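Could you open the structure in your viewer and keep the selection tool at hand? We will go from stop to stop, picking something out and looking at what surrounds it.

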Amino acid sequence: MNKQATKVVIFGASLSGCSAFSDIADLYEVLAFADNDINKQGKQIEKIPVISPSEIAALKPEKVLIASEFFEQIQTQLKQLVSDINVEVLPARLIKPMQLKNSHRQGKTAVDLLLMLSENLAQHNVDHYIDAGTLLGVYRDNALIPWDDDLDFSIKAESLDHSIQVIEQLLPKMRELTGVTWTLHQYINQQAYGAVPVGAIRALKLLPNNGRDTFPGIDFFVKYIQGQNMDYCLASRGFRMPSSHFSHTPSHEFAGGVVYLPHAAEAYLSGHYGDWRTPKQDWSLSEIKSATVFESQSL
């Protein structure tokens, strides 16, 4: 280790923090990981201690690197704890446990999974479209974004039960395609936003049971439609777009198969990303134009 390197604390002791460490360990001297989760505090990652945020100041780091989706809330917290220390939010690509560019197999399998799911969801009359980074890559580049780590779909809340049933029926096909078993996880909304109530299912995620470093996770954002608005949530923020984007989901040829896009895809991308035509490898959630950050959130 280069003892002349900048001394830092990584805020975030989850998979994101571990991924960040693997990328920046040669550039910084990592003194500790900090996390608000008391169940992680007192443990070690790569022989480096996990501490409470209240202990950061005592270590006197030169910089705190935030490796978390909750970076806005953490920035506010750090202003109260260590206001005189430089704070840097790590870009999304550095906090992802895997990236599609890591191997040809991962990239090809991601495309195969995307096309298989798109075909079968359509066959079973599940209204859906590809979303977020998957939509951006397919529509702009005619390829999945190499530094992305997952596949993104959107489904309607009003047909959530049917969607879950269909996705669970596809688990054997997922295993056949990848050679590993998968589990469908449900995520519950903790903060009301627009048409999304507290306690509602805000997202579904398919994850391989052998870990996230082998295959991409697959997100299904659940869109709650009320009048002209379409709302959905992550843990840290809510999003609002016009519901007209789900009024029609046109088919789009990709990689020898078919995927489905939101209506008026270019307007959708502009409303979500702003300048979506320019690739940004160091992109972060702060650049999404349709997001409202939750001010009070359990970190």
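Start by selecting α8, residues 265-273, in this predicted model. The buried residues of α8 pack against one helix, α5, and against the strands β7 (128-130), β11 (217-226), β12 (229-233) and β13 (237-242). To see which side chains are involved, show Ala 265, Tyr 268, Leu 269, His 272 and Tyr 273, the buried residues of α8. Now turn the view until you look down the axis of α8: these buried residues fall within an arc of 100°, so they line one face of the helix. The spacing has a simple background: an α-helix has 3.6 residues a turn, so residues three or four places apart point the same way.

Next, add α5, residues 132-141, to the selection. Two packed helices are described by the angle between their axes and the distance between the axes. Here α5 and α8 pack at an angle of about 130°, and their axes are 11 Å apart. That angle makes α5 oblique to α8. Is the crossing of α5 and α8 left-handed or right-handed? The crossing is left-handed.

Stay with this pair and show the side chains where the helices meet. From α5, pick Ala 132, Gly 133, Leu 135, Leu 136 and Tyr 139; from α8, pick Ala 265, Glu 266, Tyr 268, Leu 269 and Tyr 273. Coloured by type, the residues of this contact come out as eight nonpolar, one polar and one charged.

Then look at both ends of α8. After the helix comes Gly 274, with a positive phi near 80°. On the other side, select Ala 264, in the loop between β15 (257-260) and α8. Most residues other than glycine have a negative phi, and most peptide bonds are trans. Ala 264, although not a glycine, has a positive phi of about 55°. Ala 264 is partly exposed, with a relative accessible area of 37%.

For another positive phi, jump to Glu 46, in the loop between β3 (44-45) and β4. Glu 46 is not a glycine either, and its phi is about 50°. With a relative accessible area of 58%, Glu 46 is exposed.

While β4 is in view, select α1, residues 15-24. Which residues of α1 are buried? They are Ser 16, Gly 17, Ser 19, Ala 20, Phe 21 and Ile 24. Display the strands around them: the buried residues of α1 pack against β1 (6-11), β2 (28-34), β4 (48-51) and β5 (63-66).

Now for a charged residue: select Lys 156, in strand β8 (residues 150-156). Is Lys 156 buried or exposed? Its relative accessible area is 13%, so Lys 156 counts as buried, the cut-off being under 20%. Leaving aside residues up to four places away in sequence, Lys 156 touches Asp 127, Val 222, Lys 223, Ile 225 and Phe 246. Try a distance label too: the C-alpha atoms of Lys 156 and His 128 are separated by 7.2 Å, and the two residues are 28 residues apart along the chain.

Finish at Asp 84, in the loop between α3 (71-81) and β6 (86-89). Asp 84 has 70% relative accessibility and counts as exposed. One last label, from Asp 84 to Gln 41, gives 24 Å between C-alpha atoms, for residues 43 apart along the chain.

Note on methods:
Residues numbered from 1 in each chain as written. Heavy atoms only, no water. Axes fitted to C-alpha atoms, helices over the stretch in contact; angles between N-to-C directions. Helix = DSSP H or I, 4+ residues; strand = E, 2+ residues; numbered from the N terminus. Parallel < 35°, antiparallel > 145°, perpendicular 65-115°, else oblique. Left-handed = near helix turned anticlockwise from the far one by under 90°. Contact = heavy atoms within 4.5 Å. Nonpolar A, V, L, I, M, F, W, Y, C, P; charged D, E, K, R; others polar. Buried < 20%, exposed > 50% of the residue type's maximum accessible area, 1.4 Å probe, protein only. Arc of directions from axis to C-beta.
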